[in-house]
Amino acid sequence: MIDASVRLTLDTSVLCWLATCNAQGQPNVSPKEVFAALDDQHLVIAHIASPRSVRNLSNNPRVCVSAVDVFRQKGHKLVGTARLIWPGDAALAAVAAPLTRQTQGRFPIHAVMLVRIEHVEPIVAPSYRLFPDTTEAMQMASAWHTYGVAPIDPTATDPTPRTDPGTITACTAGLPHAPAHPIPPDHHKQATSQQGAHMNQWKLAQRAAKMNPSVIREILKVTEKPGIISFAGGLPSPQTFPIEAMAEATQKVLSQDGRAALQYAASEGYGPLREWVAHDLKKQGMDISPDQVLITTGSQQGLDLVAKILIDAGSRILVETPTYLGALQAYTPMEPTVVSVASDDEGVDAADLRAKAGTGADAGRFVYLLPNFQNPTGRTMTEARRAAVAAVAADVGLPVIEDNPYGDLWFDAPPPASLASRNPDGTVYLGSFSKILAPGLRLGYMVAPKTLYPKLLQAKQAADLHTPSFNQRIVAEVLKDGFIDRHVPTIRALYKSQCEAMLAALEREFGHTGHGGGDASLQWNRPVGGMFLWTRLPAGLDAVKLLPQAVDHNVAFVPGSAFYADNADPRSMRLSFVTATVDQINTGIAALAATIRDAQNRA
């Protein structure tokens, strides 16, 4: 379900964007004043910006804007194709006339952007339902930090929002009435005078507008509430952290070569650790040399380095449906055109990959894939599908970014050989120590073709000089003498037992094994490794709207819509099974089932 105003926008396929500023580029009307002047028949995005900022939008007719009610901190992401109507265009008067009549000429309309809406996706944002201890002042601070918007005090004599005139402020008029929780004047003064003054000192780069807070990181705050059973985080179980081995290795590194360990080091990484990675990857059929290995500050940095050296504004990049949210966050500031490739339980569809790879100037820069126990779905790409995808990529000259943080976490049998082993010169491979040792080390690696490696190294040097050499040496010491071959099986056994417990609890609560019950029941897959399983709510339910209700039942999950580049499935959600005990899994799944039944009854 989406708000009636958004449904109306979809039906009429028009979104009006108002540039409300004076000739000097200073904002002269507050979003709240605009909203109060309009009826509930229009969804209007108030654009408080300089004319130059509006004009910059014409360089990219594809738009993605956030319609956010800052007073309630919720809204929608709208994606579509834009048409800007400028002063002097005969169409401007016709489009602006009804809006001018509605507002009784209280503010000028300098330009209008018509957007044909192709997709609407709810935005998960902090709210009092998720964070019951949040004060109104904290809400306002969060609104400013997240959306760049200072809520307006209706009693203030000066209605002008304290917003940098060179930035874009997006608010929704979908709820034109007063906020449910009026803002006391003293809270307004505290939030806007201090935060607004600080914001006006800084001129943000355009790419900064592309950066968004992690939905998952926001939801993880829910787990701070006592009694919450969280299936939300993508965190490995702390029970698996080899504390004794780490302590022993730390002592040995400090006593044997402490000065070198605490000194600056080579950007490529610690030599013995790079050698270990090259040797370990042979079990995946990869024949590489240590000089192709770049040690990174977590595999997330590898995604960032790839984005910096391979993506230009407008570049076509391809991703699975759905895909890892962290990759979308890393790529989006580079302003690519992200294309979702159809995917099923066997992985990405090779035929659709070929169809969407692009040609000529619009050829895809790369396709980003997680073949093993994918985040968020937990699925594993089959051998046949890997062969087909590798063949298509090689045939059309499409580079592959293969991300494999979960590959060692198989339950009964290892996954098929990597994509990198099939096309080494056309693949960048990412790996991580976070899931098999500890994420707090922030230690990962990437393996790149020799022709690409120098540019990745330069990007790494510019980012942080090198990954902490102390951490690298500790891990290299831990990995000596086959420790990982003894340690990882214990992780697999634990995660398998937890996955089986969650599957059994789901079967007990919903009366089928995953795909029974049709649209009237929850559906889920059955992963053979990793940390997650993927579910789909009964028809008529929305995971984003269900989450606050689940929190009221003391259970949390991640709505699946966050993992889609476009055309999100609002019924999807991700459940992580590795940080909860079997008893917590049983209790949490029972609570989730009760939440779903309650929502169905209300619907």
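Contact here means heavy atoms within 4.5 Å. The model is predicted: local features need pLDDT of at least 70, side-chain atom pairs count only at pLDDT 80 or more, and totals for chains, interfaces and linings use all residues. Residues are numbered from 1 along each chain as its sequence is written, and side-chain values use heavy atoms, with hydrogens and water left out.

**Exercise 1. Describe the surroundings of Thr427.**

Step 1: Start with the secondary structure. Thr427 belongs to strand β14, residues 427-432 (strands are DSSP runs of E, at least two residues, numbered from the N terminus).

Step 2: Is Thr427 buried or exposed? Buried means under 20% relative accessible area and exposed over 50%, with partly exposed in between (1.4 Å probe, protein chains only). Thr427 has 5% relative accessibility, so Thr427 counts as buried.

Step 3: List the partners. Beyond neighbours within four places in sequence, Thr427 is in contact with Val400, Glu402, Leu419, Ala420, Val447 and Pro449.

Step 4: Look at the side chain. A polar atom of the Thr427 side chain lies 2.9 Å from the backbone oxygen of Asn423.

**Exercise 2. Do the same for Ala599.**

Step 1: Find Ala599 in helix α18, residues 582-602 (helices are DSSP runs of H or I, at least four residues).

Step 2: Check burial. Ala599 counts as buried because its relative accessibility is 9%.

Step 3: Which residues does Ala599 touch, not counting those up to four places away in sequence? They are Leu541, Leu546 and Gln549.

Step 4: Compare sequence with space. Lys545 is 54 residues from Ala599 in sequence, and their C-alpha atoms are 9.7 Å apart.

Methods
Polar contact = N/O pair within 3.5 Å; in protein donor to acceptor, adjacent residues only side chain to side chain.
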